Amino acid sequence: MLKIVFATNNLNKLNEIQALMPDSIQVLSLKDINFDDDIEETESTIEGNAVLKAQYIKKHYGYDVFADDSGLEVVTLDNQPGVFSARYAGNHRSDTDNIALLLKNMQGQTNRKARFKTVIALCIGTEVHTFIGIAEGEITQIPKGTNGFGYDPIFKPEGYDQTFAELSASEKNGISHRGKAVKQLVEFLSFGNKKS
Ligand code: IMP
């Protein structure tokens, strides 16, 4: 059985991915390999941070590993908050604070186009692969809905009248940036894995 580490401390993400993997692949958590630190995200792009986290574990532990990083890019704000999405309103601030700041910075803006982006970086053997998932949409005028997390209440995906926070988890996963990136990773590991 192929064992692969998912470089995250988020158990929800871990369980979600394990459920999607073929039976021949066992996903290990950072806890399973006795790593209980945080890997500092020092890169300036979402892709850079995903690669940094995966390479850190590969280098120090030798396991095949993947890591993810996500963010919200707002077109009229020069693609901010992007890599700073989690700490837009400052370190250790809440989702509500981040949403309030974003809506303030969007005041009077008519172009409200935005996209969520997830990059999954996979270090397998000596190779590094990246899988990118994008969900296009727009920033609403006011928050709506209570599901999900982060900026979900103010993100309306293209083709929908509801925000991510008004959709069920499975509806969101079917169209989300993360869902799309995970799908590519699973396909690569399921089929690509048979080669070499
Ligand atoms: P992470 O890399 O998945 O931890 O995402 C970084 C930050 O981007 C989160 O703390 C959220 O603020 C934001 N974000 C990422 N994905 C989503 C999402 O699906 N919905 C809402 N916010 C998200």
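In which strand is proline 81 found? Proline 81 belongs to strand E4, residues 80-81, where helices (H or I, at least four residues) and strands (E, at least two) are DSSP runs numbered from the N terminus.

## About the model

This is a predicted model, in which local features need pLDDT of at least 70, side-chain atom pairs count only at pLDDT 80 or more, and totals for chains, interfaces and linings use all residues. Residues are numbered from 1 along each chain as its sequence is written, and side-chain values use heavy atoms, with hydrogens and water left out.

## Two unusual backbone spots

Most residues other than glycine have a negative phi, and most peptide bonds are trans. With that in mind, look at the start of E4: the peptide bond from glutamine 80 to proline 81 is cis, with omega near -5 degrees.

Now look at asparagine 79, which sits in the loop between E3 and E4. Asparagine 79 is not a glycine, yet its phi is positive, at about 65 degrees.

## Around the ligand

Let's move to the ligand, which has 14 residues around it; a residue counts as near if one of its heavy atoms lies within 4 Å. The closest are Lys13, Ser70, Asp152, Lys172 and Arg178. By class, this shell holds four nonpolar, five polar and five charged residues. Here Ala, Val, Leu, Ile, Met, Phe, Trp, Tyr, Cys and Pro count as nonpolar, Asp, Glu, Lys and Arg as charged, and the others, Gly among them, as polar.

You can also find individual atom pairs between ligand and protein. A nitrogen atom of the ligand is 2.6 Å from an N or O atom in the side chain of aspartate 152. A polar backbone atom of tyrosine 151 lies 3.1 Å from a ligand nitrogen, and an oxygen atom of the ligand is 2.9 Å from a backbone N or O atom of serine 70. On its own the ligand exposes 470 Å², and the protein buries 86% of that (areas come from the Shrake-Rupley method with a 1.4 Å probe).

## The largest pocket

The ligand takes up the space of the largest pocket; a molecule sits in a pocket if more than half of its atoms lie within 2 Å of the pocket's grid points. On a 1 Å grid over the protein atoms alone, a pocket is an open set of points with protein on both sides within 12 Å along at least five of seven lines, while a cavity is a set where a 1.4 Å probe fits but cannot get out; lining residues have an atom within 4 Å of a point.

The largest pocket has a volume of about 1400 Å³, meaning the space filled by probe spheres set on the grid points. Of its 45 lining residues, the closest to the centre are Asn10, Lys13, Ala86, Phe149 and Arg178. Strand E3 gives the largest share of this lining, four residues, and E3 also gives the most to the ligand shell, with three residues. The pocket lining is made of 13 nonpolar, 17 polar and 15 charged residues.

## One cavity

There is one cavity of 30 Å³ or more, and the largest cavity holds about 50 Å³ of space. Its lining consists of Phe6, Lys13, Glu16, Ile17, Asp68, Ile120, Arg178 and Val182. H1 and H5 each give two or more of these residues, and H1 has the largest share, three. By class, the cavity lining has four nonpolar, no polar and four charged residues.

Methods. Polar contact = N/O pair within 3.5 Å; in protein donor to acceptor, adjacent residues only side chain to side chain.
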